[in-house]
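Visitor: I am new to this structure and would love a close look at one part of it. Could you take me through the nonpolar core?

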Amino acid sequence: MRILGRVLLAVLLLLLLVGGVIAWYTAHPNLPDYTPPQKMIHLEEQWSKQDRETYYYTPQGTQVKGLRYDWFTHLEQPFNKGKFASPENLARFGFLIEPEQIGRAPDDTLAATAKNPGNLPVGFARHQDGETGAWYLDITCSACHTGELRYKGTAVRIDGGAAMHSIASTVPTLRGGAFGQALGASLASTYYVPWKFDRFAKGVLGDSYPKGKAALKRDVRNVLGTLVSTAWNDTHRGLYPTLEGPGRADAFGRIANSVFGDGIDASNYRVANAPVNYPQVWDIWKFDWVQWNGSAMQPMARNIGEALGVGATLRMFESDGKPVMGDERYASSVRLRDLYTLEETLKQLKPPAWPKDVFGEVDLKKASQGRALFQANCVYCHGPHVKEPGAKDYIAPARVPEWRMKMVPTSEIGTDPTTADNIADHTFDVRPLKLKAEELQGMNVHLYPQSDVPLDFSKISAAKGLAYVTAFVEQRAYRDAHIGAEQQQEMNGYGLPIGVQELRAYKARPLDGIWATPPFLHNGSVPNLFQMLSPVAERDSQFWVGSFEYDPKYAGYRTERFPGGFLYKTSVTGNSNGGHEFRDGCRKDGAIGRALSPEERWALVEYLKVLGNPEYENKLDPNVPTPPWTPGPKCE
């Protein structure tokens with residue numbers, strides 16, 4: 001018995017040690033310290049201040065696992081009284097704040113504004129539930145599609161650019177840098193430590209304290225349970241083996257796992273190992289196809305899908321487990337009018353102009369050579385390819401201009417194919433929804449190309465499955481909001497259907513403002529524009545990300561090691577930095593053009609700083625000769 005007792009004691013001590021290590025790293029995440037900039041600049045030519053505020057704080061109907069807004073603003077950090085939602089703390093995770101927010105608590109009435117009452121970072125909004133009246137924390141699109149670049153103490157805000165946070169990750173790690181992991185730790189410490197919960201309850205309940213304390217504790221337990229179960233599910237199933245790190249998320253994989261795995265059946269979970277950068281969103285209203293793999297067409301459907309992936313609620317089954325049928329499909333929390341407001345506001349967003357007062361003047365001679373090189377080597381794919389209004393194949397007559405996106409097969413471009421392959425290969429069993437082929441024919445969903453092969457509901461593709469679910473969500477939401485057919489056409493975006501195509505390809509988007517969107521390629525595997533134009537052998541095989549410090553010479557983030565940084569390794573699945581390569585030899589394995597000399601690469605970098613900027617374009621020499629693009633020798 002003594003031996004058994006010692007063994008049990010040793011096991012208990014080991015569990016306590018492991019628990020202590022986990023608690024330490026959770027409470028002390030490996031994150032950069034936040035240093036406020038000496039100066040903050042908003043590029044006013046992008047749009048108006050009113051448009052910016054609308055974009056930053058308009059909700060879209062998402063929920064963070066049912067977390068209430070006032071809970072979030074009153075949560076304390078695990079081992080001190082500091083508020084978890086303080087601007088300084090959230091800024092460490094990469095969320096964007098204004099310098100004047102520093103030092104003000106989330107519940108500071110002096111810091112509150114009508115659009116941002118909790119003094120929270122960009123993209124943290126709130127919405128009120130129509131039935132219960134409860135206010136929920138709502139993460140909106142600006143949280144992921146707003147960037148910031150720093151240079152010599154000045155911060156340049158890039159509206160519509162790429163974020164540099166790790167909001168998506170749900171899998172706990174010892175480095176503890178993920179927002180969800182830290183949020184769970186704060187919620188757990190608040191729930192389990194009596195004096196913390198007492199302070200929390202007084203702040204949340206106000207005059208209703210202590211009467212509502214027991215009900216509040218029950219509700220917090222339910223949300224905490226949801227967070228823990230999500231982390232456990234994603235961890236023990238190994239759903240996200242490729243660490244996303246700052247600035248990336250496997251958005252399509254997470255949406256599919258949320259809708260088909262969480263929502264329908266656990267057999268539908270799929271490994272999501274293809275994180276992608278948050279893409280810039282200026283000019284996207286002009287695109288014929290969006291998403292990295294050009295899989296979506298209709299703006300409203302795209303935005304509904306994004307909202308579902310971030311946490312909008314969706315009811316596909318009754319409380320007794322039977323599928324919701326008929327006109328009752330599928331009640332959700334998505335807010336169509338707000339999504340439309342966001343989409344219309346984004347039409348006002350202009351690409352950022354190079355801030356010469358911060359980053360220095362552009363070398364016009366080099367930029368002139370770069371423009372000639374761009375026309376010879378890049379414009380074939382990157383365009384923009386403007387469609388002539390009135391043409392027979394003009395997709396949306398009400399949209400002017402309409403830009404056609406060049407879709408480049410992964411076999412040709414040679415960049416990491418994991419994202420495109422997962423979207424093309426992953427299938428899901430949606431038979432529990434009891435869908436019928438004949439009712440789907442009447443939905444506003446168009447498959448490109450059309451096929452006579454009947455849909456197999458036991459293995460429907462992610463793109464098709466999400467398109468039909470989104471169509472039901474859209475239809476139900478319009479009906480609940482009492483929005484008529486004519487207005488629906490307008491809100492959908494130019495009367496477009498929910499178009500779906502599945503290509504093993506990536507979209508070559510126009511490059512206006514590309515200098516402001518590092519790192520590059522769809523998976524963020526190339527740190528700067530100079531390396532983007534270099535052979536793969538000259539690109540970094542690993543580098544540090546998570547810093548906002550910008551290098552205006554190379555046009556990218558600085559990548560040296562720093563405290564709290566994330567080491568990006570291109571050897572990991574989904575992280576390859578191959579392809580889109582300019583090098584001599586035949587055109588295969590991602591070689592798309594002739595080798596560019598270092599001088600030519602520098603010239604292209606200079607031009608890409610001003611591409612699409614009339615102030616500079618008009619100053620460039622239009623008569624600079626350059627060697628033409630050549631196809632290279634035939635590959636055996």
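Guide: Gladly; here is a walk through the core and a neighbouring topic or two.

This is a predicted model, in which local features need pLDDT of at least 70, side-chain atom pairs count only at pLDDT 80 or more, and totals for chains, interfaces and linings use all residues. Residues are numbered from 1 along each chain as its sequence is written, and side-chain values use heavy atoms, with hydrogens and water left out.

A nonpolar core is a set of buried Ala, Val, Leu, Ile, Met, Phe, Trp, Tyr and Cys residues joined through side-chain atoms within 4.5 Å; buried means under 20% relative accessible area, exposed over 50%, and partly exposed in between (1.4 Å probe, protein chains only). The largest such core here has 59 residues, and Tyr55, Trp515 and Leu529 are among those with the most contacts inside it. At least two core residues each come from several elements, including α2 (49-57), β5 (154-159) and α12 (364-377). Helix α20 gives the most, with 6 residues. (Helices, H or I of at least four residues, and strands, E of at least two, are DSSP runs numbered from the N terminus.)

Now look at Leu529. Leaving aside residues up to four places away in sequence, Leu529 touches Ile514, Trp515, Phe520, Tyr554, Ala555, Val605 and Leu608, where contact means heavy atoms within 4.5 Å. Apart from this core lies another, of 43 residues, among them Ile255 and Val500.

Back in helix α2, you will find Asp51. With the same sequence neighbours left out, residues up to four places away, Asp51 touches Thr345 and Gln348.
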